[in-house]
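Notebook open, coffee poured. I want to go through the ligand surroundings first, then a helix and a couple of sheets.

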Amino acid sequence: MTVRIQRLLVVGLGLIGGSLAKAARERGLCAEVIGSSRNPETLEKALANGVVDRVVTSLEDIAGELGKGDVVLIGVPTLTVPAIVNQLQAILSPEVTITDVASVKGSVVASVRDAYNEIPQQFVPGHPIAGSEKSGVEAANSSLFDDHRVILTPLPETGADHLQRVRDLWQGVGAVISEMPVPEHDEVLAATSHLPHMLAYTLVDALAHMRENREIFRYAAGGFRDFTRIAASDPVMWHDIVMANSDALLKVLDNFTDHVSSLKEAIKNKDSAHLLGVFTRAREARNHFAKMLENKAYLEPMTQTIDYRVAPAEAVTGDIRVPGDKSISHRSIMLGSLANGTTEVTGFLEGEDSLATLQAFRDMGVVIEGPDNGRVTIHGVGMQGLQAPVGPLYLGNSGTSMRLLAGLLAGQAFDVELTGDESLSKRPMERVAAPLRQMGAVIETAEGGRPPLLIKGGQTLKAIDYKLPMASAQVKSCVLLAGLYAQGMTRTTEPAPTRDHTERMLTGFGYPVERHGAVAELSGGGKMTATPIDVPSDISSATFFMVAAAIAPGSDITLTHVGVNPTRIGVINILQMMGADLELTNYREVGGEPVADIRVRYAPLHGIHIPEDQVPLAIDEFPALFIAAACAEGETVLSGAEELRVKESDRIQAMADGLEILGVRTVPTPDGIVITGGPIGGGEVDSLGDHRIAMSFAVASLRANGPILIRNCNNVATSFPGFVALANNAGLKIAEETR
Ligand SMILES: O=C(O)C1=C[C@@H](OP(=O)(O)O)[C@@H](O)[C@H](O)C1
Ligand SMILES: C=C(OP(=O)(O)O)C(=O)O
């Protein structure tokens, strides 16, 4: 329903009133725009600058003309609003829509109620979040509201057509409308607008009072200028706002004063942890909000969807260092946070999954600097030093974060809730909840053992001897991490070897872990000491380039500094069994983890039966290995890999569907797949938001005879930020498209 506005009367032609009048006039939103002001000079300027069609000096002169379809907008300073409202009550027809632009809504609504003895249907309180330190009709700017927010705070009595008319007016001048209740508006604005203005005014006033003020202002550049820009705002307007919103403002001022007092204490006591804590948290929050605002998070989906359009490519060549290992990055944050002392991490993966873990620990009070080019400094808080987070810990797409944190947090003193994105919210968590409950933890899951996880703090955990029902490093790590807080010796026995980064890193941090064969055990109640961590490149990310070189004639690529922990090298073993030409050189150990450079040159591949003992050692590499199988002579058979069905997507089905579309024959089975090698065509495939599916199909382009469009590739950033640039450098032809 669009309700056309006939006449718009703007009472008070300051910056906001003047800008609205001018914008409405220029955009032809109303039949006529009329301005009213007590000041004849303002009226003259308004006419001269084309702000209004006509002016009136008193409301009586015009009120009688106005009726249904007309709008009166009160644009005077907040404390002058009651006088205008009183006047309007006496002379204006109840059919005329009345709205206002005051920065405080409680006091305006109260003045309307006083004047009318009720809230009339015609009244629609509003507040455009726009402005500038400039004031007056001469500053009127018809694009002031473009993409700016206007908050309307309609009351139960407000009439629907009046509300619609005001919405149309603001939308017509380019604004974006949100609605909220009056008290919420006043609290939000006290914190986000009124407090900063008070601080800016006070800072400038305080400095101006210092004896050497000339000198101070002479040297006050960047920071001072940025911080105090708003101290040039209209003093009367701000006086009125403060008087009108004093209750809400006093509340935020109290809170802020407490923070300043703690900062003062920290400076006095040279408390670096406190200072760094405040600064790193604030910087993160500022960046986070800036991103949200850039994306207009309240208006549109947070980000756009990224697709890859991949053209057929020839070969891959060069020396490449892929980003840091995801599993090790997660663990570096977890153990570094619980250690005594400061842990320096280099090579940290700045992907969304490991950043989710990092943020979770920040949310629990750990001061973490970085990441900055893979460098992270963690100020460990000791085994008992985590604090209750203020809200749920959001872990995005990351299964590892949720399952390992569940273990670590089961024995803490506080309650915590773990949540995740759509994909993570579908993944099974009973596999960790069950052993943790056996240890005495109190954990609730949503239906079907899915996230969110609600963990009740303050439980006494006791050690268990846990035989893992599936080969899962996440479940093993979860139980061992809970074991750090349990009474007695916690033991895990795994059905097949899985990645052992937790055990290695605990040892590195000085926490004794006994290991023999399939068994790992540790006693609760110990402590850890900070130690530097150098994270090797992720073999799971390197895999995409290994497969790329293995399938594309003419390829010769060297992947440097790759982690080649024996529990992770299934992909190397399987590719070699298929006939790939793979060579490991420069073998060394870095911080308890073996590392090597891997050179891969093209060689024809043949299908194999993948030995089941290799499955856990290559669990994340199968989507890419399926592409190798599609390029191999004959059949490749995988079994014993039902775990692939509960990753970020059902990776067996997702790959089978995509390969079929590209003309490759596949037969999915409950625990694996049979793939018959053959030519690969072009087509459109869906990664289902699974990073490894997206990157695998990009690699397929090296053997495809047409372009491949891969849908939903945003999550590549969870494990492999910079993938597209690195891949294109090596020889792929990926174009990112957003929609
Ligand atoms: O412990 C880890 O860091 C991981 C273990 C594996 O999961 P499962 O334990 O579920 O097999 C793997 O798929 C995941 O990417 C990372
Ligand atoms: C399975 C994976 O990760 P996670 O379980 O941590 O989401 C993966 O990275 O392939």
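Ligand 1 first: I looked up which element gives the largest share of its shell, and helix α17 (residues 473-483) comes out with 3 residues. I note that this is a predicted model. The full list around ligand 1 reads S327, T400, S472, A473, Q474, S477, R499, I619, D620 and E643. I sorted that shell by class and got 2 nonpolar, 5 polar and 3 charged residues. Where does ligand 1 lie with respect to the domains? Domain 3 (326-534) and domain 4 (539-738) both give residues to its shell, so ligand 1 lies between them.

Ligand 2 next. I find K326, D353, S398, G399, T400, D620, K647, E648, R692 and S719 around it. The class split here is no nonpolar, 4 polar and 6 charged residues. I checked the domains again: domain 3 (326-534) and domain 4 (539-738) each supply at least three residues to the shell around ligand 2. T400 and D620 are on my list for ligand 1, and I have T400 and D620 down for ligand 2 as well.

Then helix α6 (residues 160-172). I wanted to check its length against the rise per residue: 13 residues at 1.5 Å a residue should span 18 Å, and the end C-alpha atoms are 18 Å apart, which agrees. Which residues of α6 are buried? I get H162, L163, R165, V166, R167, L169 and W170. A reminder to myself: an α-helix has 3.6 residues a turn, so residues three or four places apart point the same way. In the buried set I can pick out H162, V166 and L169, among others. After α6 comes G174, with a positive phi near 95°.

On to the sheets. One is an open sheet of 3 strands, ordered β7-β8-β9, with mixed pairing. Its edge strands are β7 (126-128) and β9 (176-179), each pairing on one side only. Neighbouring strands in this sheet are turned by 20° against each other on average, direction ignored. I followed strand β8 (residues 149-152) to β9: they run parallel, joined by 4 bridges. R149 has V176 in β9 as its bridge partner.

The other sheet I looked up is open too, with 4 strands in the order β13-β14-β12-β25 and mixed pairing. β13 (367-372) and β25 (533-534) stand at the edges with a single partner strand each, so one side of each has no neighbour in the sheet. Strand β12 (residues 342-346) pairs with strand β14 (residues 375-379) in the antiparallel sense over 4 bridges. There I find T343 opposite I378 in β14.

Key: Residues are numbered from 1 along each chain as its sequence is written. Chains are lettered from A and ligands numbered from 1 in the order in which they are written. This is a predicted model: local features need pLDDT of at least 70, side-chain atom pairs count only at pLDDT 80 or more; totals for chains, interfaces and linings use all residues. A residue is near a molecule or strand if its C-beta atom, placed from the backbone, lies within 6 Å of it. Helices (H or I, at least four residues) and strands (E, at least two) are DSSP runs, numbered from the N terminus. Ala, Val, Leu, Ile, Met, Phe, Trp, Tyr, Cys and Pro count as nonpolar, Asp, Glu, Lys and Arg as charged, and the others, Gly among them, as polar. Domain bounds come from an automatic or database domain assignment. The expected span of a helix is 1.5 Å times one less than its number of residues. A residue is buried if 20 or more other C-beta atoms lie within 10 Å of its own, exposed if 12 or fewer, and partly exposed in between; C-beta atoms are placed from the backbone. Two strands pair if DSSP finds at least two bridges between them. Axes are lines fitted to C-alpha atoms, for helices over the stretch in contact, and angles run from 0 to 180 degrees between N-to-C directions.
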